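Load the model in your viewer and keep the selection panel open. The stops below go from the whole chain to single side chains.

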Amino acid sequence: MKQILQNLGNGETLLADIPCPRRASGNVLIDSSRSLVSLGTEKMLIDFGKGGYLAKAKSQPDKVKQVLQKIKTDGLWTTVDAVKAKLDAPIPLGYSNVGVVIESSPNSVFAVGDRVVSNGPHAEIVSVPENLVAKIPDDVSDESAAYTVVSAIGLQGIRLMNPTLGERIVVSGLGLIGLLSVQMLRAHGCEVMGIDFDPKKLELARAFGATTVDLSADEDPVRAAEHWCGGNGVDGVLITASTNSDALVHQAATMCRKRGRIVLVGVIGLNLRRADFYEKELTFQVSCSYGPGRYDPQYEQRGLDYPFGLVRWTEKRNFEAVLQLLSTKRIDTTPLTTHRYSFDEALRGYQAIHEQGAMGIVLEYTGEREQDRRQNLIRTGQASGDDLNLVSDVGRKVDGGSPVLAFIGAGAFTTRMLLPLLPKEDVVRHSIISGTGVSAAHAAKKFGFAMCGTEMESVLVDPAVDAVVITTPHQTHADFVIRALEHGKHVFVEKPLAMDHKELDAVQTCLQSRPTQRLFVGYNRRFSPHTDAVKNWLRSAPCSKALILTVNAGMIPADHWTQDLELGGGRILGEACHFIDLARHLVDHPITEVKARAMTGGDGALGDCVAIHLSFADGSIATIHYLANGSKAFPKERIEVFAGGKVAVIDNFRRSSLIGEKRSLKTRRQDKGHASELRAFLQKACLEGSWPIPAEQLFEVSRATIDAHLQIRDQLARSG
């Protein structure tokens, strides 16, 4: 199928071939019929992408500070790689989609054949959480329904203003959202004044029942508003314009009555003047997208409805309210459509964004080539002829001496840390799989894989595939590992191996029944040259060791997916396992005891600030301080090993030294062992059939990590 993507690095807009998305749990799969191009958001993204690095930096000064800080701690080249990878990843464009449901869950409120509106992107088929989908009334056309999501943005701003019957409201900026807001305010019983430079938009606003102010004719909006409301001041101002100037908010404050309300839906300069708001006790609020729940991963990622008792007007209910207004003809979208293009000519629509008078740009989907659109695995055209042969129906390997590799997952970590490090030779690049297909298609083309897709099963059943690399969300790891092992594949899985002891036991049982299969967990730090150096330096001190591992992890939001116990398992389970494994590798003796304790109160409320104490069979001890409350100016990782009168230090995997001796190692880039671990997996597991990390250590480290995680959760539960 085809989908519109935007490259933020070079500004290129693409109509790309993408595998059909997989319907995620809680989602519906929709065959698109119409979508609406947003002249605000999408134009802003395109302009940002076309700007050079200096322009990008000027537009995001906070990001520049983060980059400079990362250079100080992680080094220049590591930071450059991270920034380039971030800008290189394509993003889907669009969020106003209309289509027909072609797949849903058995208990869904949506049935196959339902005509629906959603916030899906510009693509022939989209997978969207049910809480962002609404049924379209029979008397609303597909084209009119395509304006639903954009209208909901204005509606959410109106709800925040809470206008009452007869109030006088100014709409500043008569673009698409502004003109739709004029109609909704009129439907609410308000008197409306619209302000803009464009005579055609002003004419439309008057047709919708608004009084207007023509800025192109040098009309003074403040004086016009004063005259309009008889000198009493307007009740509220809805700002739907886009400008860097601070003048609009000052203008809005000047024309408001005492205790008037100003709501910002657009993007403007926000250097507020205290006197404007102090003297009149004005309220100012910024509207967030098209309703509560839009940026709440707890509900959005799982396709759940926001609790009705918690908040009344969710994004879905805003969609439904707009559709009702469309059905009763209180919103008229017909005069708002200025351009129509077939989806095959969608890129012409993006050129039209910059045309004078452009407003509603509608993309029309033909509905043809359904069989092509529903393909979950497609060829990229990037691989060599031999590589393409290996994915034939026969599934014949083309080179018996090179492992055939597939990736399950194509997120930022995969595309930035693993795929660039794959050896140029000695590996056949079969396919990459991701849920939506966008990241898989981009990664497959960039890194020379023969296929990309959205269904894991299509890779597992291919006998040509020797091994799979699993880099999906944490809660899928154990299940995916078992499925891959059952299909006879060697498995490289990113940590954690399992979320609990039950999952871990299931993986171990599966592996024990398949003695020829090899399992590898991405404990990369044990493969770092800095780790190798420390082990070599301390070989002359074979006595017990004392380790201090300090991890200055930094804070991440409570709503980040890794903090969700069901999705990510928490940071200790998902990240601290690295350092439990590193300690196990440096000591080289079994772990005999695990004790974990979290800091409580303040920064420790999420269990992100913990101390994990490990005891080993040879008498060694290790303390892991995993902390989220430190300064970013301090290195992220510091490893200290005390043994036999020696002290070895690893400083952020950039520099290592044996204190007091002339032994040191400095690498050009931060080297946490990712390249070496990939080579070890491909050579030892896939070709030699040996274990890069002994199987007993994989399960030992996983059990110790789960034990630490459970101890911390029990402690936090007891402390309330």
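**Whole chain**

With everything selected, note that 54% of the 720 residues of the protein count as buried. The model is a predicted one. Colour by secondary structure and the protein shows 25 helices and 31 strands. Among contacts with a separation of 6 or more, 68% are between residues 24 or more positions apart. Switch on the surface: its accessible area is about 30800 Å², and carbon and sulfur atoms hold 51% of that.

**The seven-stranded sheet**

Next select the open sheet whose strand order is β17-β20-β19-β18-β21-β22-β23; its pairing is mixed. At the edges are β17 (377-379) and β23 (519-521), each of which pairs on one side only. From one strand to the next the twist averages 20 degrees.

Within this sheet, pick residues 467-470 (β21) and 490-493 (β22), which run parallel and are joined by four bridges. Which residue of β22 is the bridge partner of I470? That partner is V493.

Now add residues 674-688, helix α24, which lies across β18 (404-408), β21, β22 and β23 and runs at about 160 degrees to β22.

**T667**

Step back to the loop between β31 (663-666) and α24, where T667 is found. Is T667 buried or exposed? Its relative accessible area is 16%, and buried means under 20%, so T667 is buried. Show the side chain of H530 as well: the side chain of T667 makes a polar contact with it at 3.0 Å. Beyond its neighbours within four places in sequence, T667 is in contact with P529, H530, F653 and R654.

**Salt bridges**

The structure holds 23 salt bridges. Three of them make useful stops.

- Select E143 and R340, whose side chains meet at 2.8 Å, N to O. E143 is in helix α5 (residues 142-145) and R340 in strand β15 (residues 337-342), 197 residues apart. E143 counts as buried at 15% relative accessibility, while R340 is partly exposed at 47%.
- Select D235 and R257, with a salt bridge of 2.6 Å, N to O. The two residues are in strands β12 (residues 234-239) and β13 (residues 256-264), respectively. D235 is buried at 14%; R257 is partly exposed at 23%. Add E167 and R261 to see the network of salt bridges that links them with D235 and R257.
- Select R526 and D581, where the closest N and O atoms of the salt bridge are 2.8 Å apart. R526 lies in the loop between β23 and α22 (529-537) and D581 in helix α23 (residues 571-587), so the pair ties together parts 55 residues apart in sequence. Both residues, R526 and D581, are buried.

Technical notes:
Residues are numbered from 1 along each chain as its sequence is written. This is a predicted model: local features need pLDDT of at least 70, side-chain atom pairs count only at pLDDT 80 or more; totals for chains, interfaces and linings use all residues. Side-chain values use heavy atoms; hydrogens and water are left out. Buried means under 20% relative accessible area, exposed over 50%, partly exposed in between (1.4 Å probe, protein chains only). Contact means heavy atoms within 4.5 Å. Accessible areas come from the Shrake-Rupley method with a 1.4 Å probe; for residues, only the protein chains shown count as cover. Two strands pair if DSSP finds at least two bridges between them. Axes are lines fitted to C-alpha atoms, for helices over the stretch in contact, and angles run from 0 to 180 degrees between N-to-C directions. A polar contact is a pair of N or O atoms within 3.5 Å; within protein, one must be able to donate a hydrogen and the other to accept it, and residues adjacent in sequence count only if both atoms are side-chain atoms. A salt bridge is a side-chain nitrogen of Lys or Arg within 4 Å of a carboxyl oxygen of Asp or Glu.
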